[in-house]
Amino acid sequence: MLIFRYIRDKPVAQLRHDEFLWYAQAKSAGLLNVKLHCDTEEEVRFKRTLLQEFLTDQPYYKDEYSRVVDLWNKAREEAVIVCVNSFILPVLEREAHGRLLQESRDYVIKAGSLNPISRCFLRNVPSQSTQNLYDRIRMAAYRSPHEYGDDSENGFTGGTRVLSIAYPEERGQASFCALLDQDGQVLDHLRLVNITKGLNSRRPGEADLKRQDLNSLRKFIEKRRPHVIAISGENMEAIYLHRDISS
């Protein structure tokens, strides 16, 4: 004996949290059939359908005493019926499916990192760390307010270029900068061995080596013309490095 369980005619306004995501996963696994549909003239579950709203308001209707006008009113009404049933309702169903799925995913992202105890008592309240992470990943990509014009001669096809500078904690190791495009692809890089040394160092030759790296970096920037420069914030060295590059 087979037992079938189903939910029918449930308004989408009653869906809560990640409920629709469970329905979508069950449908992908072949365990459930999910179909969103709006009321039509054949299936009326609520007081008024979308088509009835159009037909009641009659924005197309002309109140004139003429048989020709009556025929045109009837033709317009038939056109409205076809447009609503064949075009508008299917589009609304597809958009509702996509929006419900996205809202369910957003809820999971917000509430995903709650610990088990908090989830028992604060099921609907995302943690502060989760909210902060969610806000960060929703930020749009950097867009430069300035354009450098045609960079085809440098091998660039347009888009934002970001110069990222990373340095190790050990000053004896080399630092690197990488030029990235808007898709995260590395366009070019530069090795900076002495960039973390001090300009006011009393050790012989350290200040000169630092100036050589800064000069190489400036030439690299002038040639590659990045829209924005990012420095890794490993420690206080990032502040000193920012000061030296900006000076």
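Axes here are lines fitted to C-alpha atoms, for helices over the stretch in contact, and angles run from 0 to 180 degrees between N-to-C directions. Keep that in mind as we walk through this predicted model.

**The sheet.** Start by colouring the strands: four of them make an open sheet with mixed pairing, ordered β3-β2-β1-β4. Now select β3 (186–192) and β4 (228–231); they are the edge strands, each with a single partner, so one side of each lacks a neighbour in the sheet. From one strand to the next, the twist averages 15°.

**Into the β2-β3 pair.** Select residues 175–180 for β2, which runs antiparallel to β3 and joins it over six bridges. Show Leu 180 as sticks and look across to β3, where Val 186 stands opposite.

**Helices on the sheet.** Next, select α6 (residues 206–224), which packs on the sheet and touches β1 (162–166), β2, β3 and β4. The direction of α6 makes about 165° with that of β3. Then add α7 (residues 237–246), also packed on the sheet, with contacts to β1 and β4; its direction makes about 150° with that of β4.

**Where the helices meet.** Keep just α6 and α7 in view. Their axes lie 10 Å apart and the packing angle is about 65°. Angles of 65 to 115 degrees count as roughly perpendicular, so that is how α6 stands to α7. The crossing is right-handed.

For a last stop, show side chains at this contact: Lys 210, Leu 214, Leu 217 and Arg 218 from α6 meet Leu 241, Asp 244 and Ile 245 from α7. Coloured by type, the contact residues comprise four nonpolar, three charged and no polar.

How values were computed: Residues numbered from 1 in each chain as written. Predicted model: local features only at pLDDT ≥ 70, side-chain atom pairs only at ≥ 80, totals over all residues. Heavy atoms only, no water. Pairing = 2+ DSSP bridges. Helix = DSSP H or I, 4+ residues; strand = E, 2+ residues; numbered from the N terminus. Contact = heavy atoms within 4.5 Å. Parallel < 35°, antiparallel > 145°, perpendicular 65-115°, else oblique. Left-handed = near helix turned anticlockwise from the far one by under 90°. Nonpolar A, V, L, I, M, F, W, Y, C, P; charged D, E, K, R; others polar.
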